[in-house]
Each structure stands twice: as structure tokens, then as C-alpha cells.
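Me: Please examine the model displayed below. I shall then put questions on its burial, its aromatic pairs, its sheets and its cores.

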Amino acid sequence: MDILSNTPAPSTAVDSCMPDGFALNSGLKVTGSGVLLVGGEAFKWRPWLRESKSEVAIGSRGSGTGGVLGGKLLNAKGQFDVDKQVWGLLDLAWPKPDLLVLGTGRSIVPVSPETRRHINELGIRLEVQDTRNAAAQFNMLATERGVQQVVGALIPVGWREGK
């Protein structure tokens, strides 16, 4: 029995995870970046960009890889570690969402204690999964609980850690 069968999926539901972005239920395609899904809105999200650093496209010329995304998301311990500014939109969101579903790319990556602490200080719980499962969980929870309660932060599945 499907009790949510008559409930429409939110327009920010993720239809597909592509190597370089996402296709959303609304027909919008976000390419060349990750996506931050907050309050029923979709935002391009590039947490790998740091101050004084430029975006890196690895393999975009001559290798036939189609421009795999790259940059720096992991610290020396292999943990997902990003600047606090990456979460600036969550500082502004009102009412505060209850849960952040973080998709870390092709596989699950542990989150650094500093990043986890910052998200917890915002009053938001954190769930970490690979991007495909995180997108499915975001879709289900946003339909079930509403887009005001759940935030999705997704790294493309084609992400490659670079310098």
C-alpha cells in the first residue's frame, strides 16, 4: 500500500544523477556543479571552490572524458571538509530545516569534525550517503515531510578529487 501515491513529488526532486550534474523533476538540469536543494529551490553549489582558487576541469581536453569535475573537498585524512561559507544559505534559511542529506559523490566519505560541528551548530541534523542514495532519500523525505524540513546537498557522481 502506497500512502504517498496521491502526494505530488516536489519540483526539486532529483530525477537523475549525471556524472556532471543533476536533472530535477521540474525539468531543470544543473550541470557543471553540485546542487543545494533548500526550501523548494535549487541552487548551483560548488563547495570545492576556495578563496583564491579557481575551478578545475580535469580531463576536459583531449582525453575523451567529457570534462570530469575536479577540485578539493577532502582534507589530509580523507574526510569531507569544506569552508563554513559553503553553508551560508543554511544560515539564512527560515524556518531552519531539520535534516541535511549530504551526497558525497560516487561513494560515502566521512565528514570532518569541523564541518559536522558547524552544521550541528545551525541546529540541523546530518545524514551522509553516496549521491545516488542521498538523492533518493531527499526525494522521499521531501515528499513525506515537506521541502521546508529537508535540505539536499549533492556532489555529482563524476566528481574527482584534485589539487
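Me: Is Trp 45 buried or exposed?

Reply: This is a predicted model, in which local features need pLDDT of at least 70 and side-chain atom pairs count only at pLDDT 80 or more, while totals for chains, interfaces and linings use all residues. Residues are numbered from 1 along each chain as its sequence is written, and side-chain values use heavy atoms, with hydrogens and water left out. Buried means under 20% relative accessible area, exposed over 50%, and partly exposed in between (1.4 Å probe, protein chains only). Trp 45 has 5% relative accessibility, so Trp 45 counts as buried.

Me: Which class describes the ring pair of Trp 45 and Trp 87?

Reply: Rings of Phe, Tyr and Trp (its six-membered ring) pair if their centres lie within 6.5 Å; planes under 30 degrees apart count as stacked, over 60 as edge-to-face and the rest as tilted. By this rule the count comes to two aromatic pairs. For Trp 45 and Trp 87 the centres are 5.4 Å apart and the planes stand at 45 degrees, so the pair is tilted.

Me: How many residues apart in sequence are the parts that this pair ties together?

Reply: Helices (H or I, at least four residues) and strands (E, at least two) are DSSP runs, numbered from the N terminus. Trp 87, which counts as buried at 1% relative accessibility, lies in the loop between strand S7 (68–71) and helix H1 (88–92). Trp 45 belongs to strand S5, so the pair ties together parts whose separation in sequence is 42 residues.

Me: Which elements give two or more residues to the largest nonpolar core?

Reply: A nonpolar core is a set of buried Ala, Val, Leu, Ile, Met, Phe, Trp, Tyr and Cys residues joined through side-chain atoms within 4.5 Å. The largest has 24 residues, of which Trp 45, Phe 80, Trp 87, Leu 90, Leu 100 and Leu 102 touch the most other members. The elements that contribute two or more residues to this core are S4, S8, S9 and S10.

Me: Which residue in S10 stands opposite Leu 100?

Reply: Two strands pair if DSSP finds at least two bridges between them. Strand S8 (residues 99–103) and strand S10 (residues 150–154) run parallel and are joined by five bridges. Within S10, the residue opposite Leu 100 is Val 151.

Me: In what order do the strands of the five-stranded open sheet stand, and by how many degrees are neighbouring strands turned on average?

Reply: The pairing in this sheet is mixed, and the order is S5-S4-S10-S8-S9. Its edge strands are S5 (41–45) and S9 (125–129), each pairing on one side only. Axes are lines fitted to C-alpha atoms, for helices over the stretch in contact, and angles run from 0 to 180 degrees between N-to-C directions. With direction ignored, the average turn between neighbouring strands is 20 degrees.

Me: Why is one side of S1 and of S3 left without a neighbour in the sheet?

Reply: Three strands form an open antiparallel sheet in the order S1-S2-S3. Strand S1 (14–18) and strand S3 (29–31) stand at the edges, so each has a single partner strand.

Me: With which residues is Val 30 in contact, leaving aside its neighbours within four places in sequence?

Reply: Val 30 lies in strand S3 and counts as buried at 4% relative accessibility. Contact means heavy atoms within 4.5 Å. Under this criterion, the residues in contact with Val 30 are Met 18, Asp 20, Gly 21, Phe 22, Val 35 and Lys 44.
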